[in-house]
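Q: I'd like to learn how to read a structure like this one. Could you take me through it feature by feature?

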Amino acid sequence: MSLRSLTRLANLGRPFTFNNLLTSSFIKNVNNEIRSPLASSILCRYISDSLKKTLDETVQKNDVVLFMKGTPEIPQCGFSRAVVQIFQAQGVDLSKVKTLNVLEDHELREGVKEYSQWPTVPQVYIKGEFIGGCDIMLNMHQSGDLEELLLKQGLVASDEELEKEE
Amino acid sequence: MIRLSLFPKSIRTKFVHNSRKMTEAGPIYQNIQRKLTEALNPTSLEIINESHLHSHHQAMKDVTSKETHFRVSVVSEHFEGKNLIQRHRLIYELLNEEMTTSVHALSIKAKTSKEISESS
């Protein structure tokens, strides 16, 4: 049976929309067996135009955006917690970090993966640019690249500036 | 103890052996190993199944799979000239099927052999 006829079967009696197609438990089962280029191109259409616009604005308007599970105070996932701790270690003012809890919003949780072309959460954006997830943040933290980037973008004060303040 | 002794020893050992084998190289583990080996021709590939560390998490409460959390360290020349995001995306893409069906978290270390020798 072709994927198309299967899809048709699954959507009998339902208005045809991409969301319907994706939320049906059927397509999830099918995913185990059929991962055709078509299936992934359908998945790419998951994110709605309005969500994409919201995310564009969020990422552009805020210096640092962190998509995470839970909140900085109560992270619900070890990887999200690690990213928050890296920001703290770097001296980034957490009140200036825009955090979005993907556990509160299912559309956001799935949409942000599509938006960033990145299958996992947490995700970090700095000055509108996608930086990566927990591994990359940790890697950049250890190599010194993160400090360099944060200094360049004026998100943390340099040692000289700190001395001046004192 | 009494209940265990109802079964002949041979069956018990077999069961223990099988369950241990599962955590070491289940089907997802083997898929990850095969796909990364084929595509990246790695000089070093380490895959660790850490699922047991996360099995008590709230998000895992309805999940029976023993293959949800993995840590992979790959050393491959295919990463040459690629930044971290590109390297991670390459691996995520290769493991797209596993990522969308079973794997909940994948921790990645992706280096070239040149970078390994420089850091040591």
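A: Sure, let's begin with an idea we'll need right away: a salt bridge is a side-chain nitrogen of Lys or Arg within 4 Å of a carboxyl oxygen of Asp or Glu. Keep in mind that this is a predicted model. With that cut-off, Glu97(B) and Lys35(B) form a salt bridge, their closest N and O atoms being 3.3 Å apart.

Q: Which parts of chain B do Glu97(B) and Lys35(B) tie together?
A: Glu97(B) sits in helix H6 (residues 96-101) of chain B and Lys35(B) in helix H3 of that chain, so the pair ties together parts that are 62 residues apart in sequence. Helix H3 itself covers residues 27-40.

Q: Is Lys35(B) buried or exposed?
A: For this you need a cut-off: buried means under 20% relative accessible area. Lys35(B) has 17%, so it counts as buried. Its partner Glu97(B) has 29%, which makes it partly exposed.

Q: What is Lys35(B) in contact with, apart from its neighbours within four places in sequence?
A: Lys35(B) touches Leu94(B), Leu95(B), Glu97(B) and Glu98(B). Two of those names come back when we look at charges: Lys35(B), Glu97(B) and Glu98(B) are linked in a network of salt bridges.

Q: How many salt bridges are there over all chains?
A: There are 8 in the structure. One of them joins Asp63(A) and Lys127(A), with the closest N and O atoms 3.4 Å apart. Asp63(A) is in the loop between helix H5 (49-61) and strand S1 (64-68) of chain A, while Lys127(A) is in the loop between S3 and S4 of chain A, so this pair ties together parts 64 residues apart in sequence. Asp63(A) is partly exposed at 34% relative accessible area, and Lys127(A) is partly exposed at 38%.

Q: What about a salt bridge inside a helix?
A: Try Glu110(A) and Lys113(A), whose side chains meet in a salt bridge at 3.7 Å, N to O. They are 3 residues apart in helix H7 (residues 106-116) of chain A, so about one helical turn separates them. Glu110(A) is partly exposed, with 28% relative accessible area, and Lys113(A) is partly exposed too, with 23%.

Q: How do I read backbone angles?
A: Here's the general idea: most residues other than glycine have a negative phi, and most peptide bonds are trans. That tells you what to look out for. Lys127(A), which we met above, has a positive phi near 50° and is not a glycine. Asn41(B) isn't a glycine either, yet its phi is positive, about 45°. You'll find Asn41(B) in the loop between H3 and strand S1 (44-49) of chain B, where it is exposed, with a relative accessible area of 59%.

Q: Which peptide bond is cis?
A: Look at the bond from Val121(A) to Pro122(A): it is cis, with omega near 10°. Pro122(A) belongs to the loop between H7 and S3 of chain A.

Q: Which residues of helix H8 of chain A are buried?
A: In this helix (residues 134-143), they are Cys134(A), Asp135(A), Ile136(A), Met137(A) and Met140(A). To see what they do, follow their packing: within chain A they pack against helix H6 (78-90), strand S3 (123-126), strand S4 (129-132) and H9, and in chain B against helix H5 (84-94) and strand S3 (105-111). After H8(A) comes Gly144(A), whose phi is positive, near 95°.

Q: Which residues form the negative surface patch?
A: The patch consists of Asp145(A), Glu147(A), Glu148(A), Asp159(A), Glu160(A), Glu161(A) and Glu163(A). Helix H9 (145-152) and helix H10 (159-165) of chain A are the elements that give two or more residues to it. H10(A) provides the largest share, 4 residues. Glu147(A) lies in helix H9 and is partly exposed, at 42% relative accessibility.

Q: And how do I get an overview of chain B?
A: Start by listing its elements: chain B has 7 helices and 3 strands, and from the N terminus on they run α-α-α-β-α-β-α-α-β-α. Next, check burial: of its 120 residues, 32% are buried. Then look at contacts between residues at least 6 apart in sequence: 68% of them join residues at least 24 apart. Last comes the surface, with about 7,900 Å² accessible, 55% of it belonging to carbon and sulfur atoms.

Methods: Residues are numbered from 1 along each chain as its sequence is written. Chains are lettered from A and ligands numbered from 1 in the order in which they are written. This is a predicted model: local features need pLDDT of at least 70, side-chain atom pairs count only at pLDDT 80 or more; totals for chains, interfaces and linings use all residues. Side-chain values use heavy atoms; hydrogens and water are left out. Patches are made of residues with over 30% relative accessible area and no salt bridge: like charges are joined within 9 Å, nonpolar side chains (Val, Leu, Ile, Met, Phe, Trp, Tyr) within 5 Å. Accessible areas come from the Shrake-Rupley method with a 1.4 Å probe; for residues, only the protein chains shown count as cover. Lys and Arg count as positive and Asp and Glu as negative; His and the chain ends are not counted. The place of a charge is taken as NZ of Lys, CZ of Arg, CG of Asp or CD of Glu. Buried means under 20% relative accessible area, exposed over 50%, partly exposed in between (1.4 Å probe, protein chains only). Contact means heavy atoms within 4.5 Å.
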